[in-house]
Amino acid sequence: MNVLIVFAHPEPHSFNGALKDRAVQVLEQAGHAVVVRDLYRLGWKSALDADDLPGTRLDPGFLDVSKEQERVSAGGLTPADILAEQEKVAWCDLVIFQFPMWWFGMPAILKGWVDRTMARGFAYGAGRKYDTGMLGGRRAMVCATTGTASSLYEPDGIDGAIDHILWPVHNGIFRYLGFDVLPPYVAWMPGRGSPEEREAYLEEYGKRLLTLEDTEPLYFHPAADYGPDERLKPGVVARSGFQWNPAAPVDPVDPATPAADEKESTS
């Protein structure tokens, strides 16, 4: 398996750095090929701008980024730094985003890597998203750290359920592009943990990495569950991430729970 790790932390000796190093060690010892892209060490330019779209513009008076990305991709004009990342994405069977949770999301440098690397024409296009995504046949996962305890990321926690917080990455990036999305690995508040607790996280992550090829991906509704308006059809109970279908039947005893007959139909 070819594994691409996109590492986004400014301190190489951070616990994120330790997780990344452990992943390289474990995966290579298991016979996998691993490439790490350390975005801070690369000095990655985060902002997608006109410099990423060389050549004669389709409309000199208005910058339509998606159309210009397609032109650049089709014309072989992709800037060298972006092309180098796209070649690694095309090479990999699995991509791992390694990052600290900042403001309920990825660091800006990683979002900028997505903005520039996953360009229209290379990673997605008209009619090529989700089930038909251009990067289908690959897997993706998040490995992240938090600054607070796991209890805050439960469904009733003040920060909200972790699968909801990661929905923009899991669904809005990975699944949108066609990846099968593996459950995330999260190290909760490692900065406040003891050396023994941090080592336990590393050991647990190493074991998790050895099961990646057999791990069941997260569930996302197939295209058949959506109507022509790309909303879940009436009667289809939402089963993934942030989704909720007000047109689906509910259990009269517990309105938050699908009705019994509906639960049976989706099991």
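Helix 5 spends most of its length under cover: 7 of its 10 residues are buried. Keep in mind as you look around that this is a predicted model. The buried residues of helix 5 are I109, L110, G112, W113, V114, R116 and T117. What do they pack against? Their partners are strand 1, helix 2, helix 4, strand 3 (94–100) and helix 7 (167–175).

One of those partners, helix 4, makes a good next stop. Helix 4 runs over residues 80–91, and its 12 residues should span 16 Å at 1.5 Å a residue; the end C-alpha atoms are 16 Å apart, so the expected and actual spans agree. Its buried residues are I82, E85, Q86 and V89. Why do these four end up on the same side of helix 4? Because they cover an arc of only 100° around the axis. The spacing makes sense if you recall how a helix winds: an α-helix has 3.6 residues a turn, so residues three or four places apart point the same way. As for what lies over the buried residues of helix 4, the cover includes strand 1 (2–7), strand 2 (33–38), helix 2 (39–42) and helix 5 (108–117).

Now zoom in on E85, which sits in helix 4. Its relative accessible area is 2%, and since buried means under 20%, E85 counts as buried. Setting aside neighbours within four places in sequence, E85 is in contact with R37, L42, W44, W113 and T117. Two names there should ring a bell, as W113 and T117 are among the buried residues of helix 5.

Next, swing over to another pair of helices. Helix 1 (residues 15–29) packs with helix 8 (residues 195–209) at an angle of about 40°, and their axes are 9 Å apart. The crossing of helix 1 past helix 8 is right-handed. On the helix 1 side, the contact is made by F15, A18, L19, R22, A23, V26 and L27. Helix 8 brings R198, E199, Y201, L202, E203, Y205, G206 and L209 to the contact. Sort these residues by kind and you get 10 nonpolar, 1 polar and 4 charged.

Follow the chain on from helix 8 and you come to T215, in the loop between helix 8 and helix 9 (260–266). Is T215 buried or exposed? Its relative accessibility is 15%, so T215 counts as buried. Leaving out neighbours within four places in sequence, T215 is in contact with R139, L182, P183 and R208.

Terms used
Residues are numbered from 1 along each chain as its sequence is written. This is a predicted model: local features need pLDDT of at least 70, side-chain atom pairs count only at pLDDT 80 or more; totals for chains, interfaces and linings use all residues. Side-chain values use heavy atoms; hydrogens and water are left out. The expected span of a helix is 1.5 Å times one less than its number of residues. Buried means under 20% relative accessible area, exposed over 50%, partly exposed in between (1.4 Å probe, protein chains only). The arc is that of the directions from the helix axis to the C-beta atoms. Contact means heavy atoms within 4.5 Å. Axes are lines fitted to C-alpha atoms, for helices over the stretch in contact, and angles run from 0 to 180 degrees between N-to-C directions. A crossing is left-handed if the near helix is turned anticlockwise from the far one by less than a right angle, and right-handed if clockwise. Ala, Val, Leu, Ile, Met, Phe, Trp, Tyr, Cys and Pro count as nonpolar, Asp, Glu, Lys and Arg as charged, and the others, Gly among them, as polar.
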